[in-house]
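Biologist: I would be grateful for a close look at a single part of this model. Please take the loop region and its surroundings in turn, and connect the local geometry to the contacts around it.

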Amino acid sequence: VQLQASGGGLVQAGESLRLSCAASGSIFSINVMGWYRQAPGKQRELVADITSGGSANYADSVKGRFTVSLDNAKSTVILQMNSLEAEDTAVYYCNTEAVLRAGFLPQEYWGQGTQVTVSS
């Protein structure tokens, strides 16, 4: 399974960015897709994830500002980030829990990181 992320960049505080991540490969089903982030000197943390059934989960720090969505047909997860703050600066990583064959246990996969920098 390959996860191809795009959409990072440099913006000013209060602006928006949209991250996209597409999963490819021989996938039977996807249980959940989401985004984590890691700022310098900090541990990687969950930003938001969403199940194939549409149930979304957000970190408290991004609730009301970020929206995660999943296109099941395209195996693509989108993170719309509005009202960005300097504290959102981090490398953002796409993540998925996917099943490769019917009856197999789900496995976790990570994409390459994409840098998001918010200047204050």
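**A loop and its surroundings**

Modeller: Ser-83 is partly exposed, since its relative accessible area is 39%. The model is a predicted one, and the description below should be read as such. Ser-83 belongs to the loop between β8 and β9, the latter spanning 90–99. Its phi is positive, at about 50°, although the residue is not a glycine. Most residues other than glycine have a negative phi.

Ser-75 also departs from that pattern: its phi is near 50°, a positive value in a residue other than glycine. Ser-75 is found in the loop between β7 and β8. With a relative accessibility of 18%, Ser-75 counts as buried, because the cut-off for that class is under 20%.

The strand named in both loop descriptions, β8, covers residues 76–81 and runs antiparallel to β3, to which six bridges join it. Within this pairing, Ala-22 has Thr-76 of β8 as its bridge partner. Strands of a sheet pair through backbone hydrogen bonds, either parallel or antiparallel. Here the two strands belong to an open sheet of four, in the order β1-β3-β8-β7, with antiparallel pairing. The edges are formed by β1 (2–6) and β7 (66–71); each has a single partner strand, so one side of each lacks a neighbour in the sheet. On average, neighbouring strands of this sheet are turned by 15° against each other, direction ignored.

Ser-20 gives a view from within strand β3, which comprises residues 17–24. Ser-20 counts as buried, its relative accessibility being 18%. Apart from neighbours within four places in sequence, Ser-20 is in contact with Gln-4, Ala-5 and Ser-6, with Trp-35, and with Thr-76, Val-77 and Ile-78.

Returning to the loop between β8 and β9, one also finds Asp-88 there. Asp-88 forms a salt bridge with Arg-37, and the closest N and O atoms are 2.9 Å apart. Arg-37 lies in strand β4 (residues 29–38) and Asp-88 in the loop between β8 and β9, so the pair ties together parts that are 51 residues apart in sequence. Both partners, Asp-88 and Arg-37, are buried.

Asp-88 also meets the side chain of Arg-65 in a salt bridge, at 2.8 Å from N to O. Arg-65 lies in the loop between β6 (56–58) and β7, whereas Asp-88 lies in the loop between β8 and β9, so this pair ties together parts that are 23 residues apart in sequence. Arg-65 is buried, with a relative accessible area of 11%. Asp-88 has a relative accessibility of 1% and therefore counts as buried. Salt bridges that share partners join Arg-37, Glu-45, Arg-65, Glu-85 and Asp-88 into one network.

The count of salt bridges comes to five. Among them is the pair of Asp-60 and Lys-63, whose closest N and O atoms are 3.1 Å apart. Asp-60 is exposed, with a relative accessible area of 65%, whereas Asp-88 is buried at 1%. Side chains of opposite charge can pair when their charged atoms come close.

To return to the starting point, the loop between β8 and β9 holds Ser-83, which is partly exposed, and also Asp-88, which is buried.

Definitions and conventions
Residues are numbered from 1 along each chain as its sequence is written. This is a predicted model: local features need pLDDT of at least 70, side-chain atom pairs count only at pLDDT 80 or more; totals for chains, interfaces and linings use all residues. Side-chain values use heavy atoms; hydrogens and water are left out. Buried means under 20% relative accessible area, exposed over 50%, partly exposed in between (1.4 Å probe, protein chains only). Contact means heavy atoms within 4.5 Å. Two strands pair if DSSP finds at least two bridges between them. Axes are lines fitted to C-alpha atoms, for helices over the stretch in contact, and angles run from 0 to 180 degrees between N-to-C directions. A salt bridge is a side-chain nitrogen of Lys or Arg within 4 Å of a carboxyl oxygen of Asp or Glu.
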